[in-house]
Amino acid sequence: MLQQPAGDLLSTNTSLDEVPAMMQHQPRASAVGGRHEGGDHDSDGSSGDETETAPLLNKHSSSGSGGHDGKKGDGDGGGGRERRLRINGDGTWREGAAIKKGNNAVTTSKYTILTFIPKNLIEQFKRLANIYFLMISGFQLIPGLSPTGRFTTLVPLVIVLTITALKEIVEDIARHRQDAAVNNTEVEITRNGQLTVVKWHQARHSVSVRVGDIVRLQEDQYIPADLILLSSSLPHGTAYIQTANLDGETNLKIRQALPETSHLTDPAALADLRGDIECEGPSRHLYSFSGSLHIEGSAPLSVGVKQLLLRGAMVRNTEWAYGIAVYTGHDTRLMQNSTESPHKRSNVERTTNWMILAVFAMQLLLCAGAAVANTIYTKQLEDAWYLQLEGSAAANGALSFITFIILLNNLIPISLYITMEIVKFGQAYFINHDLRMYHEASDTAAQARTSNLNEELGQISYIFSDKTGTLTQNRMLFRSCTVAGTVYGIPQTGPAPHDAEGAGSDDEEEEEEVVIAVPAHTRTSDSFTLTEREPDEGFDGEQLLAALNSQDTNEAQTVRHFLTLLAVCHTVVPQAKPDGTVAYMASSPDEAALVSAAQSMNFVFHYREPTSITIKVEGEDLDFEILNILEFTSERKRMSVICRCPDGRLRLYIKGADDVIFARLAADQPYAEVTMTNLQDFASAGLRTLCCAYAELDEEAYHRWNKEYKRAAVAILLREQRLSEVAEKIEKNLVLLGATGIEDKLQDGVPETIVKLSQAGIKIWVLTGDRQETAINIGYASGQLTADTDVIVLNVANPGATKRHIEQALTRLVPNAKAGVVIDGETLIAALEPDTRKLFLELCQGCRAVICCRVSPLQKAEVVRLVRENVKGAITLAIGDGANDVSMIKTWIFYSMTWQEAHVGIGISGEEGLQAARASDYAIAQFRFLSRLLLVHGRHSYHRLAKVILYSFYKNIVLYLTQYWFNLYNGWSGQSLYERWTLALYNVLFTLLPVIIVGFFDRDVSDRMALRYPGLYGTSRQRTQFNIWVFLGWLVNSVFHSVVVVVVIAFIHYDGIGDASGKNQGLWYMGSLAYAAVLLLVTGKLALEIRSWTYLHHVAVWGSLVVFLGFEAVWQIASALPFFPFGEEVFFVIFRQVATPQFYLALLIIIFIALLRDFTWKYVVRAYRPDTYHIIQEVEKVQRKRPRKKAEAGAARPYLGYSYSEESGGTAEAIAYGTFGKKHL
């Protein structure tokens, strides 16, 4: 038994970072193995989510026989490099003139024993704050410069660096163990005429998997390298793989060996196989591959992604398979994509950096002022011999500048970053464990994939939303069709606003297993009988069947072609299940719906071979020889199949977007006009539309075309472009058959969510690939458009006309009017031109709703970028569920260049797999959870983190400025007022926990009220709680408080400081009193700022004072011990202080004077200038005081997310959601 790699095989360390769309220069093409789309199509060609800007998650064609999974990528990989390797060779390959040799080792760890210290230190000192404190530590080590000791900054800095380093060590040890588990996995290869078991990688290259080796795979085994499939245990060399570790898709994908190699099943014959493989160089693109196989004695064979078995995928439902290793180790697609995602910085973080610079500038000014004062003071006392002054006054002044830099070094809190990280981590924990955002049907919880942007969720101004799978359920239902101008199945008139009916779709679904109950069968069974299946819900096919059997031969023939097209023109793969059903593994739910519709009308697809499809029509098996599949791509917006029909004729069946199909119709089509009218009716009813047509092909013309197609299919470079150009030559002179209409319903709660977000002041733009009518329909259904909305439709493609129409729309736009803009993809191209984009943006900003229809993935990204770059201060959010949404939600990194579209990306874990979720910052299961994510978690996170940052600056400025003012009394000597180690523990012990608890649990209103009154979100969206002006207010207040502390203490002890016995005390008595006053003052300030109290708040806030008193007592007693060399200067000071009335008098006066201003200001604002949350707090108080009905009070309440009821005030709610307590201030 061979060993299997443990766990998810690098999935936890693999980040699928796609190359930005702007780096794509080569057009896409189609090829064999393509895919079709149902529904209205994006202008990039998909009705669903095709990612033009996310090549990793775009599957595109690569070869004629190779084909692909039907999703497109970005041109040929490998950056133009070609690789030539020898089959069963020595593990080397040639790139140009160079001969290279590699191994199959995987290294995802960041460090080794030798590199850990330097690399980790370099990483940590990329933070300017760490460099700053290191510089201060260096100054402190210079004798005679530091007034606070030599190590009081270095020790806390080392502690912070050590904690971070330990975290890195733990994480990297796990990576090393995972790498070892993967590299030591065993696999069989053919070597020396027999099967040999080797490791995936060993130090000895000859006993590892290497390039050119023929590998034998077994069922449920991970693939050790990127292989070209040669043969398998299944007929015709078919193999099934699961790529969950690569793209998040759990459904099976089919791979197909070339017919010329599928017979190679004997290990001895495989070991003797000789030849070369020529292919592209290593590439990131999961769904593209171009190569050719040169077996000695045979003509070159084209190989593509249909033959490519990717490392990290698992072999499923295939007993064994053989493949040739073409890429190993870090050249494999999996490892090419294992790059670290770039760091997104939130607006709060950027603002904080400016605050740090402002404080540093203030520190420099204060130190410069102190240096000047020191120089003047020293100059005046040059004759005071008893002071023993050394050096000139100027030199002493210069040294005092550095001394004051050290004295005031913690005006910038050393604990700020670590406090922020802890708070953000806790906030992310609450998001992950909020069961109110848990979707039971799919067993999916919300996931914060980063904690860096929690507060950004509370400042969103624009939401850019995909539609299918995001607003809709992405579950397709065949509703209606038009054949030969006749409508079958009457479409609904369109869902009313807030109804969960009838949504169109714009998303190209990723290959999804859709199970349809069809009895299992074998190809050789002549007695196979199909059990009748009920027609699809919502579609009555009796009329269509009647037309099929009508006396009108033209109508009957058209219906037969139409149903045949539905059953033949697709890439669905049937798979027999143990329970006797057949699973249709479709490239999208649309395809499954279309095949199911054909099956319900007795055109049953039930078997596929590499070169044929078998359908059963009224009990008779009909075999269609598949000659070519011309793939659905974003540019083509169509898919076609060339087949030899049972009657021996060559025929092309094609389906795609209406504009593409109509442009290729033959002249004088009798049903064209009525079909177009029917399409508009379907779209108005919210249905996804798809046109169907066919063409009879001439044998001689086809063979000429096929030769050209094959030449394009074996090209290594520009294969997709050449295939696309060839396909254009045969997809013409089409005969129109009709069109289909498929329904995709809205998700639950979408209209209510959109209304809430709109009331919060957030503008929602829907970016869809649907037709204009469908887009408008879904706008009304979702509540984005209402009956009183003035809809402005822009659908002119001429740039000059577009600009003129936008200008006209601006003139009729009334301020604050309920207006909406609907624009199609062609017009959007003109609207985004440099001379028009600002006008277009102005128009959109004046409207409450914007719907962009027929847009491509690239256009989605461009629209987001338009707002991001031109609306000052706007925080954008993009949400989607499919691969084509990755372009607008992902931060791209390519070499040293970075592109970032939306500030925050939200992925829906939906029907299309996990591509968008994996590329996002946050993942949720349903669109309706977005309101809670923003209005509750986002708003709370913003307010809490803002308070944490402002308070962190405040408490440090108060403490350290008291030392500055103290120097007024000692000649600006730079003398510290506080004992050095007590000073060092201020940030890490006495004031750390209270601010963290506030960052976790403080809130101004409950979750329920935040959702009930979305207008509360405006304070965070407008950043009224955290900006430079608010910071300056806190800064001035902290300066005032520090002055109060020094002035009061100096006034009370003006004539000296005496203890209970009357003995005069010295410096440390005053310093200890000032320290206690500062700690009590900042604690009182925090208590005033807390808006909801719980027992955790009380424990943290008042407990910090208890910890201080206990520490002081123990520290000052321990200082008398001979083996304890610290704190001797403060021996027993605290005990003498508490025995004097001046101590208590000073504390009371300081607290009263300092906090009186804060308390008075809060009272005046609340009483005479209340903010929205003040009013909501009062409403909530009144509601809590109302007696509940007895039945309600005694009723059992559901247990949600560790939570008690909102009214209970329970602790569990705080732990689960960070919404503790009910006493709002």
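**Buried charges and a six-stranded sheet**

In this predicted model, the side chains of Asp-466 and Lys-860 are joined by a polar contact of 3.2 Å. A polar contact here is a pair of N or O atoms within 3.5 Å; within protein, one must be able to donate a hydrogen and the other to accept it, and residues adjacent in sequence count only if both atoms are side-chain atoms. Asp-466 sits in the loop between strand E17 (460–465) and E18, and counts as buried at 0% relative accessibility. Buried stands for under 20% relative accessible area, exposed for over 50%, and partly exposed for anything in between (1.4 Å probe, protein chains only). The unreviewed UniProt entry puts its "active site" annotation on Asp-466; UniProt positions follow the numbering used here, with feature names shortened, and such annotations may be inferred rather than shown by experiment.

A word on the ground rules. Residues are numbered from 1 along each chain as its sequence is written, and side-chain values use heavy atoms, with hydrogens and water left out. Because the model is predicted, local features need pLDDT of at least 70 and side-chain atom pairs count only at pLDDT 80 or more, while totals for chains, interfaces and linings use all residues.

Turning to charge pairs, the structure holds 44 salt bridges, each being a side-chain nitrogen of Lys or Arg within 4 Å of a carboxyl oxygen of Asp or Glu. In one of them, Glu-743 meets Arg-479 at 2.7 Å, N to O. That pair links distant parts of the chain, with Glu-743 in strand E29 (residues 735–746) and Arg-479 in strand E18 (residues 472–483), 264 residues apart. Strands (E, at least two residues) and helices (H or I, at least four) are DSSP runs, numbered from the N terminus. Both ends of the bridge are tucked away: Glu-743 is buried at a relative accessible area of 2%, and Arg-479 is buried too, at 14%.

Another bridge runs between Glu-186 and Lys-199, whose closest N and O atoms are 3.7 Å apart. Glu-186 belongs to strand E4 (residues 186–191) and Lys-199 to strand E5 (residues 194–199), so this pair ties together parts that are 13 residues apart in sequence. Glu-186 is buried, with a relative accessible area of 19%, as is Lys-199, with 18%. Strand E4 also carries Glu-188, which is buried at 15% and whose side chain makes a polar contact of 3.3 Å with that of Gln-218.

The side chains of Lys-616 and Asp-621 form a salt bridge as well (3.0 Å, N to O). Here the partners sit in unlike surroundings: Lys-616 is buried, at a relative accessible area of 6%, whereas Asp-621 is partly exposed, at 33%. Elsewhere, salt bridges that share partners knit Arg-84, Arg-86, Asp-276, Glu-278 and Glu-296 into one network.

As for the sheet, 6 strands make up an open, antiparallel arrangement in the order E3-E2-E1-E10-E11-E12. Its edges are strand E3 (98–101) and strand E12 (301–304), each of which pairs on one side only. From one strand to the next, the twist averages 25 degrees; axes are lines fitted to C-alpha atoms, for helices over the stretch in contact, and angles run from 0 to 180 degrees between N-to-C directions. Within this sheet, strand E1 (residues 82–86) and strand E2 (residues 92–95) run antiparallel and are joined by 2 bridges, pairing being called if DSSP finds at least two bridges between two strands. Leu-85 stands opposite Trp-93 in E2.
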